[in-house]
Amino acid sequence: MGRLIVISNRVSPPGDETGASVGGLAMALSAALREHNGVWFGWSGRTTETFTGQLSFQRGGGVTVATVDLEDQDRQEYYNGYANRTLWPLFHYRIDLSAYERSFDEGYARVNARFADTVRPLVEPQDFIWVHDYHLIPMGRELRRRGVGNRIGFFLHIPWPARRLFTTLPNHRELVEALFDYDLVGFQSEDALSAFHDYVTQEAGGTVDADGQATAFGRTIQLGAFPIGLDAETFMEAAEGEVARGWRERMQKSLAGRRMIVGVDRLDYSKGLEERFLAYEEYLARTPAAHEQVFLLQVATPSRDEVPAYQEIRARLDGVSGRINGAFATADWVPIRYVNRSYRRDELAGIYRAGAIGLVTPLRDGMNLVAKEYVAAQDPEDPGVLILSQFAGAAEQMAEALVVNPFSREDVSDAIRRGLEMPRAERVRRWEALMDGVRTHDVVAWRDAFVAALLARPERAAG
Ligand code: GDG
């Protein structure tokens with residue numbers, strides 16, 4: 001079998017096991033590549049005045065990482081523009097935030113073509129290629145144009161929007177047509193998959209058969225749902241390590257007998273942080289007995305801060321958390337500890353473990369790995385309770401969580417009360433079922449399922 005070539009916007013340097021880089025994608029992919037003698041290609045994160053297409057290589061841990069620098073204009077139009085100001089909000093149902101500017105389209109097309117030019121010489125006949133996420137939807141088409149006949153799969157880490165929303169995108173048809181240049185297109189959830197089916201059959205005039213083969217634009221491809229999992233083994237090892245233990249003890253001390261609700265997210269409007277704060281406020285308003293007995297620790301790691309909507313959500317959260325703290329705090333109790341910094345993965349494991357509740361309430365999320373990490377970090381004898389949004393892909397797999405509607409303050413407030421009162425036997429029973437799923441459907445199972453489905457596709461004649 002040939003090598004696995006992974007192409008994604010950003011890559012993690014080899015040996016980055018502490019998880020200095022934030023984002024589920026990075027953590028999942030380094031685990032997936034370790035076993036496949038893989039090459040991982042992407043943007044270095046750096047920009048230069050003019051594009052040179054010069055590759056830099058780093059090797060380590062059985063993985064070769066190849067990166068290329070982009071131009072400043074690429075960063076603005078492709079990364080901050082089309083990827084994060086057009087597609088990200090649209091795919092997370094925020095058409096109010098989605099910007100449709102032609103310069104963004106051009107930047108997106110340009111960078112996909114540049115990536116394809118740069119990666120093309122690395123591709124050998126036996127290799128198979130796995131492209132990741134919304135930044136690189138046209139990559140398959142660009143590679144085909146350059147004569148790549150190898151098997152190419154695409155995986156979307158974020159939701160696929162409902163058809164009526166998706167058609168607000170001016171070039172929606174072109175984007176979907178480009179997906180038909182892959183051999184396999186994978187989604188996180190059945191929900192995302194069925195939204196895509198809907199587009200194919202209702203908008204593109206195509207068909208999808210019972211095995212998930214879709215035909216449209218004169219081509220047939222395989223579709224499937226491949227829910228991403230945690231690098232469970234490594235994460236659990238980290239959770240048992242010294243650093244995690246140190247943080248657990250440090251958190252225990254700082255609880256001072258109080259119970260902690262914990263949230264950990266990239267600071268992103270899709271994560272429902274403002275709604276979460278307001279639901280917690282509702283809980284405090286309805287539950288005077290909880291005052292001084294409970295607090296919410298929200299770690300919100302700053303992200304994409306060159307994009308205006310991210311500056312706005314950050315300012316709003318400062319305002320809302322400050323207002324709630326002002327209204328409820330006492331001389332020795334602050335109801336929300338709101339922290340804008342990042343922690344190492346093993347530190348996070350210790351923090352999760354100290355939380356009586358893991359509060360994971362995105363308004364839309366492809367999967368959400370934090371929900372799985374919270375579960376994996378719990379004490380089997382005395383686990384905490386996961387509260388999970390029905391709009392996270394993870395909800396399809398984690399029915400034993402307290403599943404809530406994140407738009408309803410009352411619903412979330414009720415779940416907080418229920419979680420804090422839940423008897424140990426019920427907590428253990430729910431946790432065991434959740435943990436079983438986290439272990440079975442881990443990142444290795446995800447990779448294996450995707451790769452097997454890709455390799456099952458017939459080979460094309462070389463271009
Ligand atoms: C996208 C999709 C999908 C957070 N703060 C810190 C930190 N994190 C880590 C978490 C977790 C990851 O970042 C976040 O992953 P999520 O899955 O929750 O969300 P996205 O970043 O939006 O990821 C998502 C995912 O891709 C994978 O397909 O699940 O739906 O949106 O691992 O722990 N990590 C560290 N310090 C922090 O402060 N080290």
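Where is the place of Arg430? In this predicted model, Arg430 lies in helix 15, which comprises residues 424-440. The relative accessible area of Arg430 is 15%; since buried denotes a value under 20%, this residue is therefore classed as buried. When neighbours within four places in sequence are left aside, the contacts of Arg430 are Glu400, Ala401, Leu402, Arg418 and Met422. Among these contacts, Leu402 falls in strand 16 (402-404), an edge strand of the sheet described next.

Six strands make up an open sheet with parallel pairing, arranged in the order 13-12-11-14-15-16. Its edges are formed by strand 13 (336-339) and strand 16 (402-404), each of which pairs on one side only. From one strand to the next, the twist averages 20 degrees. Within this sheet, strand 14 (residues 357-360) is joined to strand 15 (residues 385-389) in the parallel sense, over four bridges. In this pairing, Gly358 is positioned opposite Leu386 of strand 15.

Helix 3 was examined for its length and for the burial of its residues. This helix covers residues 102-119, 18 residues in total, and at 1.5 Å a residue it should span 26 Å. The C-alpha atoms at its ends are 26 Å apart, so the model agrees with the expected span. The buried residues of helix 3 include the aromatic residues Phe104, Tyr108 and Phe115, together with Gly107, Val111, Ala113, Ala116 and Val119. Asn112, Arg114 and Thr118 are likewise buried in helix 3.

Technical notes
Residues numbered from 1 in each chain as written. Predicted model: local features only at pLDDT ≥ 70, side-chain atom pairs only at ≥ 80, totals over all residues. Heavy atoms only, no water. Pairing = 2+ DSSP bridges. Helix = DSSP H or I, 4+ residues; strand = E, 2+ residues; numbered from the N terminus. Axes fitted to C-alpha atoms, helices over the stretch in contact; angles between N-to-C directions. Expected span 1.5 Å × (residues − 1). Buried < 20%, exposed > 50% of the residue type's maximum accessible area, 1.4 Å probe, protein only. Contact = heavy atoms within 4.5 Å.
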